[in-house]
Amino acid sequence: MLVLGIETSCDETGVAIVESGTHILANQVASQIPLHERFGGVVPEIASRAHLRVITPMLRAALEKAGCSLGQIDIIAVTVGPGLVGSLLVGISFAKALAYVTGKPLVPVHHLEGHIYANIVAGASLRFPFVALVASGGHTDLIECRGPLQYRILGRTRDDAAGEAFDKVAKLLNLDYPGGPAIERIAAHGNPRAFDFPRPMLSEPGFDFSFSGLKTAVLYCQAELKERSDFVELVPDVAASFQAAVADVLAEKARRAVRETGVSNLALGGGVIANRCIRETIVSKAGCDVFVPPPELCLDNGAMTASVGYYRHRSGYYADKTLNAEPNLRLSSSLWKELKHE
Ligand code: KG4
Ligand code: ZN
């Protein structure tokens, strides 16, 4: 069964073709980094226009790569939220039009569920129940996954997402955009114990996160250091110490979530998990089997969307022509129940 997955929730246009939820035939991703770079963040209007420009050629490229025609696609899966409304609308309108002309079912996908299923499309033998940690530019969520569509949010960030903190700290340190990969690159030359940054929320019970205080600690540190003549040489140490603080917090909260829910598997996902230090810290502390997608599947892509679409279709979940963008969609939203195919 061939599933077309369309992902346009933020600044990456993803179009993929996946067979039976696990076998990737094509996974085209068009990044908009060069367009947003000079603004130091994603500009929503630019993002939606860029999706619109590339989505049709990307579908053609995906079909060519997969060696199939549009008529051979069985299901069309699309991310409906959460995300930027204009960006989501491009993917949803495109998917609806394709479903209309081909007569194939349209399946709505939650973006966070996509990040979790990146593990499944990567070939992991991940079985329910498990705990998922999704850390991206917009989310830092710990989720108890009891079965398909049975999700319970254990904790989430109260302010900045982990990826957002990486992006803001990179800006403070005059590093490239996006900040995550830039910090990871420069941190490789630094000492993670050089600065003792706070590990927010670790002394509190529960599974919520907070990264804005950590970002402020880096701001104060940078303000103090920037007058020094050797400031540039200290940047790798600041970056490495910040990265280590984020890694410790994510690893410790994930470890506690696994212990308290009594599951034996932890699944990771989201752009921040592309970071090697973060992945390795979580794996070393988790005390259970940890599933980690390869870096390219941690970042936004259409293959993860297609994989969720396949499993949702198996549970009989479809959307009709009234499907709309849901910028604040929750995993536990009643939308899924309303969409159940009778
Ligand atoms: O999952 P994603 O592609 O998009 C969202 O759903 O937000 O994640 C993007 C975020 C950005 O904040 C980016 O800086 C961060 O993930 N990121 C990283 C790395 N690569 C991307 N953060 C830390 N280390 C990385 N190597
Ligand atoms: Zn994402």
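**Exercise 1. Are His111 and His115 buried or exposed in this predicted model, and in which helix do they lie?**

*Solution.* Start with the cover around the two side chains: a residue counts as buried when its relative accessible area is under 20%. Both His111 and His115 are in that class. Next, find them along the chain: the two belong to helix 4, which runs over residues 111–121. Finally, look at their separation, which is 4 residues, or about one turn of the helix.

**Exercise 2. Which residues coordinate the zinc ion (ligand 2), and what class does its site fall into?**

*Solution.* First, list the residues: His111 and His115 each use NE2, while Asp300 uses OD, at 2.0 to 2.1 Å. Then read their order along the chain, where the donors show the spacing H-x3-H-x184-D. Now turn to the geometry: the 4 donor atoms make angles of 96 to 140 degrees. A tetrahedral site would need all angles between 85 and 135 degrees. The range for the zinc ion (ligand 2) reaches 140 degrees, and its site is irregular.

**Exercise 3. What radius of gyration does the protein chain have, and what would a compact globule with 342 residues have?**

*Solution.* Begin with the expectation: for 342 residues, a compact globule would come near 20 Å. The protein chain has 20 Å, so the two agree. Add the spans of the C-alpha trace along its principal axes, about 65 × 45 × 30 Å. Then check the interior: 55% of the 342 residues count as buried. To finish, count the elements of secondary structure, which come to 12 helices and 10 strands.

Terms used:
Residues are numbered from 1 along each chain as its sequence is written. Chains are lettered from A and ligands numbered from 1 in the order in which they are written. This is a predicted model: local features need pLDDT of at least 70, side-chain atom pairs count only at pLDDT 80 or more; totals for chains, interfaces and linings use all residues. Side-chain values use heavy atoms; hydrogens and water are left out. Donors are N, O and S atoms within 2.8 Å of the metal (3.2 Å for Na, K and Ca); water is not among the atoms, so sites may look incomplete. Four donors count as tetrahedral if all angles lie between 85 and 135 degrees; four count as square planar and six as octahedral if opposite donors are over 155 degrees apart and all others between 65 and 115; anything else is irregular. Buried means under 20% relative accessible area, exposed over 50%, partly exposed in between (1.4 Å probe, protein chains only). The radius of gyration is taken over C-alpha atoms; the globule rule is 2.2 Å times the number of residues to the power 0.38.
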